[in-house]
Amino acid sequence: MSSTLLEVTRSGHEEVERFERLIAKDLQNDPTSNKDRLFRSHRVRNMIDTITSTTERLIEIYDDKDNARKDEIAALGGQTATGINVFSAFYDRLKEIREYHRKHPVARVVDANDDLEALLKEEPQIEFSGEEAFGRYLDMHELYQQYVNSKFGEPIEYSAYLDIFSETDKIPRKMKTTRQYREYLENLLEYMIYFFQRTEPLKDLDRIFSKLWQVTTEFEENWATGKVLGWENVNQENGHVPTEHTSIDLDYYSTVEELMEVGPERLKEALAALGLKTGGTIQQRAERLFLTKHTPLDKLDKKHFAKGARGLEKNGVASAPQEGNLKEIALMEAKLNKLCDLLDETILRTKDNVVKKQALTYEEIEAERLEEETQEDSESEDDEQQIYNPLKLPMGWDGKPIPYWLYKLHGLGQEFKCEICGNYSYWGRRAFERHFKEWRHQHGMRCLGIPNTKNFNEITSIEEAKELWKKIQQRQGVNKWRPDLEEEYEDKEGNIYNKKTYTDLQRQGLI
């Protein structure tokens, strides 16, 4: 029963709050694949748009330009044309409610939460081509064909085009004034913006552009000083001086004689800027320039134009391009460069994919695509299955908790640290006992100059190991010099013996 403005206002605020809770709930779920991330972003974008439209409608109600809300509040208070009558207003409202239920006897209460919860499972329709693979790659084949078939383009491979399409400063400036280049640049910028809006729907593109491009500050300053990349000293190209020095305001001159007073050089520069012939006497130059005061350039006789100026104009090249047009093209190039910086990872990923596909057959490309889709689906299904682990047991090789009896039997919950191994932690008694034979512990003992024998099992402290090694050396008498066992002798054949063995063999005549 949202027949009154107050009810519409209440339902509008309720709808906004519900969508805000849904957005918070949807953003708490981590997407498992790029496809799920796009679906979630577009769902949230659609809900934000709904909140925006509802809020705008509420603002219109609160503005109350027709005083409808004010009159309705007054009616609730019982104010009528004859005065205040609270009971009359109450019974009129009660009558209206009864009349509504009489006409709709089977009306049921609809839980709006059920309908809104279904939005979290919605898969929005996103227009991607097969080459784009749900926003993972760019599909610039049409722009590539437009580039290689143009006068400013080069016959290069598609992979090479992905490297240079953003380098607009390498295109000759004369070709940038053509209508063909302008159409290509507009199509390229339009595609990049459309792709960014589809892959990053939650980012405010206008705000990003206003921060990055700085149209009114950085670009204007660079253009005024001639520092825009690819448009350096644009007004002085082909020997022309800046526009403020070449243009002559003809409104200040009423006759040709007055125009002749500016001098032959100024007249020549003004004629050259308009693409007209610059030769002749000073009077002929003034007469030729004075014709442009009342006659547009496109209606002038072709005999007044310089050689080749008309032909260039017919081919889409302005004979004397206006500064505003050049500035607009330069601004589009600046926007394209900033947009390419935002999509730098996607451009690199696209190039790698193109190079990889060049070495595959059609069957291999299709098999790889199906494998990627199957892998994404399997990952999402595995992630959806929540693992029940209330005891917080360690995970096994299969990603599931190990049995509790195994956990208690091997003491997997206990942590053992070994200082000799560099304070490395071993979880469980079995892993700790086994590590004495591993390379990490053996390397630590070797660095200490101690043999890794069974005598040093259960020893994890460096100080304890050194003290035990000293006791073993003292007990075995290793520090005493024993010539009969440690002094070495060598026979004629190069065999090494200690002193005792050598003298025994010598007495027997064997050496």
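The following exchange concerns the surface patches and overall make-up of a predicted model.

Modeller: In this predicted model, local features need pLDDT of at least 70, side-chain atom pairs count only at pLDDT 80 or more, and totals for chains, interfaces and linings use all residues. Residues are numbered from 1 along each chain as its sequence is written, and side-chain values use heavy atoms, with hydrogens and water left out.

Colleague: Why is E287 called partly exposed?

Modeller: Buried means under 20% relative accessible area, exposed over 50%, and partly exposed in between (1.4 Å probe, protein chains only). E287 has a relative accessible area of 38%, and is therefore partly exposed.

Colleague: Why is F87 called exposed?

Modeller: Its relative accessible area is 63%, so F87 is exposed.

Colleague: Where does F87 lie?

Modeller: F87 lies in helix 4, residues 86-103; helices (H or I, at least four residues) and strands (E, at least two) are DSSP runs, numbered from the N terminus. E287 belongs to helix 15, residues 282-290. The chain has 25 helices and four strands.

Colleague: Which residues make the nonpolar surface patch of about 490 Å²?

Modeller: V86, F87, F90 and Y91 make this patch. Patches are made of residues with over 30% relative accessible area and no salt bridge (a side-chain nitrogen of Lys or Arg within 4 Å of a carboxyl oxygen of Asp or Glu); like charges are joined within 9 Å, nonpolar side chains (Val, Leu, Ile, Met, Phe, Trp, Tyr) within 5 Å.

Colleague: What makes the other patch negative?

Modeller: Asp and Glu count as negative, and the patch is formed by E257, E258, E261 and E287.

Methods. Areas by Shrake-Rupley, 256 points an atom, 1.4 Å probe, with all protein chains shown as cover. Charge placed at Lys NZ, Arg CZ, Asp CG, Glu CD.
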